[in-house]
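Reader: I am new to this structure and would like a close look at its hollow spaces. Could you take me through what surrounds them, slowly and in one connected account?

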Amino acid sequence: MKQKRLKIESNRSLNETVYEMKLSGICGAAIRPGQFVNLKLDGLFLRRPISVCDAEGDLLTLVYRTVGKGTDQMSRMKTGEVIDTLLELGNGYDLSAAGKQPLLLGGGVGVPPLYALAKNLIESGKEVTAILGFNTASDVFYENEFRTLGAKVIVTTADGSYGTKGFVTDAMPETSSFFYACGPMPMLKAVYHKTNGLGQFSLEERMGCGFGACMGCSILTRNGTKRVCKEGPVFYKEDLAWND
Amino acid sequence: MERLTTELCGITLDNPVIPASGTFGYGYEFAELYDINLLGTFSFKGTTRDPRFGNPTPRIAECPGGMLNAVGLQNPGVEKVIREELPKLKKVFHKPVMANISGFSVEDYVETASRLDQQEQVGWLEINISCPNVHGGGMSFGTDPAQAYEVIHAVKANTQKPLIAKLSPNVTDIAAIARSCEKAGADAISLINTILGMRIDLNRRRPLLANQTGGLSGPAVFPVAVRMVYQTAKAVSIPVIGMGGITTAEDVIEMMMAGAVAVEVGAANLVDPYACKTIIEQLPEVMDRYHIDSLRDIIGIAGKE
């Protein structure tokens with residue numbers, strides 16, 4: 001964990017509720033795909049955990065949806081403002097497990113953390129397929145960003161207004177060497193029950209501290225109690241015991 | 001620095017700042033950031049006889065000036081704490097540590113406390129009779145003077161180390177509970193634990209926390225804590241450790257003027273992992289500003305004639 005004061009370089013909307021914020025000042029931090037940062041926002045007591053979309057050189061990219069006070073406040077922040085940030089939080093994805101043809105499954109704001117993952121995997125010569133699921137055409141973001149990286153991209157929308165109609169599980173190929181999934185719990189559970197393949201899930205939970213001190217975000221796994229913020233947020237499929 | 005030292009049940013602390021139980025784990029996360037030996041001591045995660053997962057999530061909610069938690073005493077159980085956590089802790093923390101203990105019956109408390117009493121690293125036993133987030137134990141012992149007496153008396157009879165009774169603010173007469181603990185043999189009192197609270201999710205129209213209620217902490221509770229520390233320090237002759245919403249060196253001084261010999265810092269650690277280090281570093285300068293030579297000079301000064 002590191003604490004840094006990051007400066008907002010840009011903050012733009014990608015659609016009605018999703019924003020992309022770029023911050024500078026991460027130089028010296030070792031950020032892995034699947035990790036998150038924890039932001040101290042003025043007037044709010046607890047920090048706000050946001051998954052890392054990309055970290056390159058001195059620049060950190062966060063893509064977030066406005067779901068409450070904190071993210072709403074973030075969406076109104078301006079270039080040049082500074083945010084006290086805790087970095088290098090969580091375990092991140094296991095890139096060594098990817099195999100030749102990894103499959104990336106993202107739903108809604110579960111898509112952003114897969115971006116840095118796709119980038120890393122493609123750089124190491126993997127053939128990446130990314131299935132990005134949204135509710136409707138106007139929700140779709142980052143399709144071109146994934147294509148530009150060189151990933152094979154399939155977009156699904158629940159209402160069929162863009163791409164393949166249905167959920168990410170409806171577009172899943174028969175086989176993949178390994179999958180990485182991030183999205184809302186119903187999507188993760190659908191993936192969990194549909195595939196026999198090996199993979200990892202990135203989970204979300206309300207957090208107190210985000211660095212392992214408060215036990216606010218604990219879950220029960222096959223290997224005992226784990227903190228989503230510390231031993232997670234990424235868990236191997238075999239560690240999760242989801243019956244519902 | 002001599003002017004920051006304070007005395008807690010015969011053990012001298014380099015300074016009065018003690019991270020509170022449940023906000024500092026076993027210290028490892030913080031030891032990655034700074035040398036935690038600069039703390040007075042710290043109170044490690046509340047320990048019970050058996051391992052506990054705690055409550056379902058969500059366990060955390062926010063409010064203006066603070067937060068609610070309903071963790072529910074998640075811990076690996078006393079044997080695993082002794083076998084795994086204490087040896088690991090020994091590598092990063094070299095001062096006597098405070099063992100925080102919870103239970104669901106008098107026997108639970110006695111068993112857990114007597115196991116931890118035998119550990120060399122442990123300097124004090126902090127008996128939590130004030131957890132608001134478990135049912136059929138915890139706070140129910142700390143809201144009735146007779147039950148508080150029973151637990152503290154039984155633990156005292158079976159342990160050697162200084163005993164600190166950690167009290168709940170969810171009572172009408174804190175002085176009566178504190179006196180009862182003193183009579184039962186407590187060597188010190190610590191307070192306040194969290195204040196029982198609740199939030200409701202407007203979208204779901206249901207309590208936000210899975211446990212429905214949770215304990216309020218953070219700056220929002222600070223004035224309540226100062227008042228109760230003041231009342232308790234007046235009611236008993238044993239030392240009082242003040243806690244509840246402390247975030248700055250000024251807060252430490254205020255709490256000590258109310259009657260605390262030392263302070264515990266809780267929620268602040270979760271927001272700023274350097275909170276305790278910063279407070280300790282800022283104490284001398286803030287003391288200068290208020291013409292305080294030594295912290296020992298101001299303990300309880302607000303209540304003196």
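Author: What follows describes the cavity, then a pocket, and lastly a sheet that gives some context in chain A. Please keep in mind throughout that this is a predicted model.

When the whole structure is searched, one cavity of 30 Å³ or more is found, and the volume of this largest cavity is about 530 Å³. The cavity is lined by 38 residues, and those closest to its centre are B:Ser21, B:Thr23, B:Asn69, B:Asn193 and B:Thr194. Several elements of chain B each give at least two residues to this lining, namely strand 4 (43-47), strand 6 (66-69), strand 14 (213-217), strand 16 (262-265) and helix 9 (267-271). Helix 9 of chain B provides the largest share, which amounts to three residues. Sorted by class, the lining of the largest cavity holds 18 nonpolar and 17 polar residues, together with three charged ones.

The second largest pocket, for its part, has a volume of about 600 Å³. Its lining is made of 22 residues, and A:Thr225, A:Arg227, B:Gln74, B:Pro76 and B:Glu85 are the ones nearest the centre of the pocket. Strand 15 (224-227) of chain A supplies at least two residues of that lining, as do helix 1 (28-31) and helix 2 (78-92) of chain B, each in its own right. By class, the lining of the second largest pocket consists of 10 charged residues, six polar and six nonpolar.

Turning to the sheet, chain A has an open sheet of seven strands, paired antiparallel and arranged in the order 4-3-7-1-2-6-5. At its edges stand strand 4 (48-51) and strand 5 (54-56) of chain A, and because each has a single partner strand, one side of each is left without a neighbour in the sheet. Averaged over this sheet and with direction ignored, neighbouring strands are turned by 35° against each other. Strand 4 of chain A is joined by four bridges to strand 3 (residues 36-40) of chain A, the two running antiparallel; on the strand 4 side, A:Ser51 is the bridge partner of A:Phe36. Across strand 4, strand 5 and strand 6 (59-65) of chain A lies helix 2 (residues 112-123) of chain A, which runs at about 45° to strand 5 of chain A.

Notes: Residues numbered from 1 in each chain as written. Chains lettered and ligands numbered in written order. Predicted model: local features only at pLDDT ≥ 70, side-chain atom pairs only at ≥ 80, totals over all residues. Heavy atoms only, no water. 1 Å grid on protein atoms, 1.4 Å probe; cavity = no way out; pocket = protein on both sides within 12 Å on 5 of 7 lines; lining within 4 Å. Points joined across faces, edges and corners; volume = space filled by probe spheres on them. Nonpolar A, V, L, I, M, F, W, Y, C, P; charged D, E, K, R; others polar. Pairing = 2+ DSSP bridges. Axes fitted to C-alpha atoms, helices over the stretch in contact; angles between N-to-C directions. Contact = heavy atoms within 4.5 Å.
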